[in-house]
Amino acid sequence: MSNASRLSGRGLVKTFGSTTALAGVDVDLANGESLAVMGPSGSGKSTLLHCLAGILVPDAGSVQLEGRDVGALGDRDRSLLRRTHYGFVFQFGQLLSELPAVENVALPAMLLGASRRDATASAMRWLGSLGLAGMEGRRPGELSGGQAQRVAVARALITGPSVVFADEPTGALDQSTGHDVMRILVETTRAAGASLVVVTHEPKVADWCDRRIEVRDGRVVGSAVRR
Ligand SMILES: Nc1ncnc2c1ncn2[C@@H]1O[C@H](COP(=O)(O)OP(=O)(O)O)[C@@H](O)[C@H]1O
Ligand SMILES: [Mg+2]
């Protein structure tokens, strides 16, 4: 593992019954680097993301965050680590539908101990910087798909994570809206100094990332650095 590596996976293997989802994957993510994970459906992309994020424990191999062995942590410490160090953007529908946008964004900060007042002020700033000023009071059902995903980006970043994980975050959006959200995700994450792992089908989206890897049948079969 190089010194600059923030997150690394070594020899990751994960099986579900007779299905080998990951067959030995090595991956490194540098500080502030964005990585696009590409590959056909069922190739193991989500499983890789879940192993790197400490949501799944691999059957073999190890994951290190900033030199710390994540696999050595118990369930409680791993879930605490997710809250303190990671942000997540998943497909549409992850926001709490009863809460206005500002509360959805403020919640992760409050879970880490911020006062409601500070968390709300910070959430208002994040929403404003993502072009959602004036929409803070709307519930997710009162936002467009693209707006809702921008709220999700704000929610992922409010805690100042080391790494943001995004699994096909624009899968439910039309292409042009999806591109806008992805560009905002990549640029905002980069500006915040966080690293990014994003699963995407879109070559154009991968172009905005610093590096891409191609996964097939649970293995990394190719990688490319942005020109
Ligand atoms: N919880 C699970 N139980 C059983 N099989 C699973 C589970 N999660 C993933 N798989 C299988 O592992 C393989 C990789 O899945 P996944 O990582 O979700 O692929 P991708 O995200 O690239 O579409 C697939 O064959 C999938 O059916
Ligand atoms: Mg998937």
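Colleague: Which residue caps the N-terminal end of helix 6?
Modeller: Look for a side-chain oxygen that lies 3.1 Å from the backbone nitrogen of Ser-176, a polar contact (N or O atoms within 3.5 Å; within protein, one able to donate a hydrogen and the other to accept it, with sequence neighbours counting only if both atoms are side-chain atoms). This is a predicted model, in which local features need pLDDT of at least 70 and side-chain atom pairs pLDDT 80 or more, while totals for chains, interfaces and linings use all residues. Residues are numbered from 1 along each chain as written, chains are lettered from A and ligands numbered from 1 in written order, and side-chain values use heavy atoms, without hydrogens or water. The capping residue is Asp-174.

Colleague: How far apart are the end C-alpha atoms of helix 6?
Modeller: Helices here are DSSP runs of H or I with at least four residues, strands are E runs of at least two, and both are numbered from the N terminus. Helix 6 has 17 residues, 175-191, and the expected span is 1.5 Å times one less than the number of residues. That gives 24 Å, and the model agrees, because its end C-alpha atoms are 24 Å apart.

Colleague: Nice! Which residue just after helix 6 takes a positive phi?
Modeller: Helix 6 itself has several buried residues (under 20% relative accessible area; exposed is over 50%, partly exposed in between, with a 1.4 Å probe and protein chains only), including His-179, Met-182 and Leu-185. Just after the helix, phi turns positive at about 80°, and the residue is Gly-193.

Colleague: Within what arc do the buried residues of helix 4 fall?
Modeller: The buried ones are Ala-119, Ser-122, Ala-123, Trp-126 and Leu-127. They line one face of the helix, seen down its axis, whereas Arg-117, Arg-125 and Ser-129 are exposed on the other side. With directions taken from the helix axis to the C-beta atoms, the buried residues fall within an arc of 135°.

Colleague: Which residue in the loop between strand 4 and strand 5 has a positive phi?
Modeller: The loop runs between strand 4 (60-65) and strand 5 (68-69). The residue is partly exposed, with a relative accessible area of 43%. Its phi is about 45° although it is not a glycine, and its name is Glu-66.

Colleague: And where does Glu-168 lie?
Modeller: Glu-168 also has a positive phi, near 45°, in a residue other than glycine. Its place is the loop between strand 7 (163-167) and helix 6.

Colleague: On to ligand 1: which element gives the most to its shell?
Modeller: Residues count as near when one of their heavy atoms lies within 4 Å, and those around ligand 1 include Phe-16, Gly-42 and Lys-45. A polar side-chain atom of Thr-47 lies 2.6 Å from a ligand oxygen, and a backbone N or O atom of Ser-46 lies 2.9 Å from one. Strand 2 (19-30) and helix 1 (45-52) each give two or more residues to the shell. The most, three residues, come from helix 1.

Colleague: Is Ser-43 buried or exposed?
Modeller: Ser-43 sits in the loop between strand 3 (34-38) and helix 1, with a backbone N or O atom 3.2 Å from an oxygen of ligand 1. A polar atom of the Ser-43 side chain lies 2.6 Å from the backbone oxygen of Pro-40. Because its relative accessibility is 2%, Ser-43 counts as buried.
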